[in-house]
Every structure is written in C-alpha cells, then in structure tokens.
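Me: I am new to this structure and would like a close look at a single part of it. Could you walk me through the open sheet and what surrounds it?

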Amino acid sequence: MKAVHLAFNHRYDDIRIFEKECVSLAKHGYETVYITSSNNSPVWGRITQKGVKLIVIPVNAAEPFYMRLLKFWIRAYKEACRQNADVFHLHEVWFLPMISMLKRKGRVIYDSHEDAPRDHFERYKGRRTAGTVIAEKLFEKYENSRVRMTSGVIAATPYIANRFRKIHKNVVTVANYPIIDRFTERKEVPEENIIFYAGGISKMNGILNVIKAMEYIDGTFVLAGNMTEQFRTEASSCKGWEKVREAGFLSKEEVAGWYQRCSCGVLLYLPYENNLHAMPNKMFEYMAGGVPIVASNFSLWKKYVEGGKCGLCVNPESAKEIAEAINYIFKNPTEAERMSENGRRYAEHKFYWGGGRKGFC
C-alpha cells in the first residue's frame, strides 16, 4: 500500500502531517510520500527521513502568494501522479480542485485541520460581518461539494467531524494529541518567572494582549516564532514589550527544553468562531511537558484545563485577567507544581498520540 500526503503551507517536518501521520504509516509498513513546498522551510529537494520519502518543492517567496500556489499546485499534481499511489491524503483547502483529478488515480482522503470556512474568513478579514458570513456559506458549499467526492474525511476535532458527517458517511476524528515521549516530566518548579509561547504570532492568537499584560507582571515573556514587521511595530509600542524576549523560530527539541524552564505557558486565542471549537496541539503539549496553562475561557478549553486542574482560564481580551492569572501561578509554587503534575498525568493517560495512531492507521 502506498500513500501520498500533499500540503502547501505546512513544513516538511510538520508535527501532525510528518511526525504523527506519515511516520506512523511508515512504521506500519506503508510506503509513504510527503509532498510539500519550501514555504517556511530551509529544506528543499528529495530526501528520506524516518522511513518517509519527502519531496519539498521550491517556491519563490518574493512572488505573489497565488502565483506561488499555482506553480506549486501544478508541480505537486505531476509529482503525485508519478507515485502510482493507492491513497492520496490532502491536508489543505488548496487541493480541493485536485480531488476529481486524483480520484482517477486512487482513493482520496481529505484531512481537515481547521473549520476552514470560519478560519479563512476570520483570519484574513477580522471579526465576522454580513459579508464574511455570506462568503463563509458559499465557501462551505464548495468545500462540501468537493469533499463528497472523497473516500473519507479525517477531522482534527469532534466539532469538525460532526460538520462533515452531515455530508459524508466515512468520517473519523484524529485529534492533535502530543507524542508523549518527546516531553520529559518536570522534576521541580522553575525558579525564574518565565512565560512561554511558541507558534503563530498574531493578534488572532492573543499575543498582543499577553504583551500588554506584561506591564503588570514581574517576569519575562519568551516569544518563539516568526512575526511580521507590522505586528512587531504595534507590539513594541506596548509598555510590556520591554519584558519580551524574542526567541525566533525554535526546533521541536528546543521548545521541549523551554517547557522545562518556564513557569507557565499561554494559549490565549481570541474568541473567533473557529477558535471556540479548536483543540490546539499546544494545549496538550503543555500538559505533556508539565507546564501550567493560562488559556482562553472557552467552554471546551475550560473542560480540559480547569477540568483537569492543570491551569487557569481567563478572558483572552483582558490584559488585567491575564496578568492576574500569571501572577497567581508565580506566587503559588505549590499550586503550580500540582498543575504541572495533573497536566502530565492527564496527557499520559488520555491525551497522547499512541491512541490516535492506532485509529489513524
């Protein structure tokens, strides 16, 4: 059995696509190929890692986005056809037009990481308006019409799975639970007051409000990831910016190392429709790393964070509430240690990739 995974915006070493899905398939005896672009990646060409054949197609970052996408799309389709695969596993909406073409070559699986209609129009257009709601509905109809043609759907959350079960009979949930072995159990509470975040840096992810909260916190906010100059300009105008340490892009191993050193991790996405039902990998990684969590007070997230007694949930739009929660963790090391232990235990027994791997394969 041969499976080909296709993505455009995801790196060659993406945790969900490469580390979890591709490597798991290779370990189960599948011949596995992952085709992606050199977007956000220092690597391009043909290489093999952990039993997976990687085809990283170079793209010109200086070109307009849709020109890059079109050139990549054509090359990716040709590469996929050359593989003579049994299954084509698509990870982004950009490949929806390719479904009918690939269906002639083999079975097609659509892997929905996000509630794409809501995510796309909220991410690029801001809060919902009458115009974006109409656009969402039109895009959702188009997505559904293409997904109906696939052999099956993999959804990252139960919410997304329930949406696709209305139009497809073969839908499974494969959640973004962490690979537990990547994280070492913490032995003691860190002495330094460090808040940590690694990932996408934007207003939508609530980072600006954390920076504003730093004005009222005696500590350092270690911020890892890439940010636009526009965001940096706005963020640097906040009084809390002087307590921010930019760490740049970090490897998975470096991120795990910071989990050992920080006093808490933040996950304060703003209350956009897609975020309300999301189950971010980062939440479960914090648990696996024994990191006390300060998260948004969405109903679903409160169920995991406060229900598991591994952190605190606050209004992500309130710098005051964010500061109060972080200061509470700093000032109560015994409680912080209890949160750390609860999170690790929660991850070990319930939220880990081992169980997801069996269902996926």
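Reply: Happy to help; here is a walk through the sheet, the helix packed on it and a few residues in the loops and helices around it.

A word on the ground rules comes before the tour. This is a predicted model, in which local features need pLDDT of at least 70 and side-chain atom pairs count only at pLDDT 80 or more, while totals for chains, interfaces and linings use all residues. Residues are numbered from 1 along each chain as its sequence is written, and side-chain values use heavy atoms, leaving out hydrogens and water.

Let us begin with the sheet. It is open and built from 8 strands, in the order E3-E4-E2-E1-E5-E6-E7-E8, with mixed pairing. Strands, like helices, are DSSP runs numbered from the N terminus (at least two residues of E for a strand, at least four of H or I for a helix), and two strands pair if DSSP finds at least two bridges between them. At the edges are strand E3 (45-49) and strand E8 (171-173), each of which pairs on one side only. Ignoring direction, neighbouring strands of this sheet are turned by 20° against each other on average; axes here are lines fitted to C-alpha atoms, for helices over the stretch in contact, and angles run from 0 to 180 degrees between N-to-C directions.

Helix H1 (residues 15-27) packs on this sheet, touching strand E1 (2-6), strand E2 (31-37), E3, strand E4 (52-57), strand E5 (87-90), E6 and E7. The direction of H1 makes about 160° with that of E2. Contact means heavy atoms within 4.5 Å.

For a closer view of one pairing, look at strand E6 (residues 107-112) and strand E7 (residues 152-155), which pair in the parallel sense over 4 bridges. There, Asp 111 has Ile 154 in E7 as its bridge partner.

Now for the loops. Between E3 and E4 you will find Lys 50, which has a positive phi of about 55° although it is not a glycine. Lys 50 is exposed, with a relative accessible area of 54%; on this scale buried means under 20%, exposed over 50%, and partly exposed in between (1.4 Å probe, protein chains only).

The loop between helix H2 (65-82) and E5 holds Gln 83, and Asn 84 lies in the loop between H2 and E5 as well. Gln 83 is buried, at a relative accessible area of 7%, whereas Asn 84 is exposed, at 66%. Asn 84 also has a positive phi, near 50°, in a residue other than glycine. Not counting residues up to four places away in sequence, Gln 83 touches Lys 2, Val 4, Val 33, Lys 53 and Ile 55. The side chain of Gln 83 also reaches the backbone oxygen of Glu 79 at 3.3 Å.

The last stop is Arg 165, in helix H6 (residues 158-165). Leaving aside neighbours within four places in sequence, Arg 165 is in contact with Val 171, Val 172 and Thr 173, and strand E8 spans 171-173. Arg 165 is partly exposed, with a relative accessible area of 42%. Its side chain makes a polar contact with the side chain of Asn 162 at 3.1 Å. A polar contact is a pair of N or O atoms within 3.5 Å; within protein, one must be able to donate a hydrogen and the other to accept it, and residues adjacent in sequence count only if both atoms are side-chain atoms.
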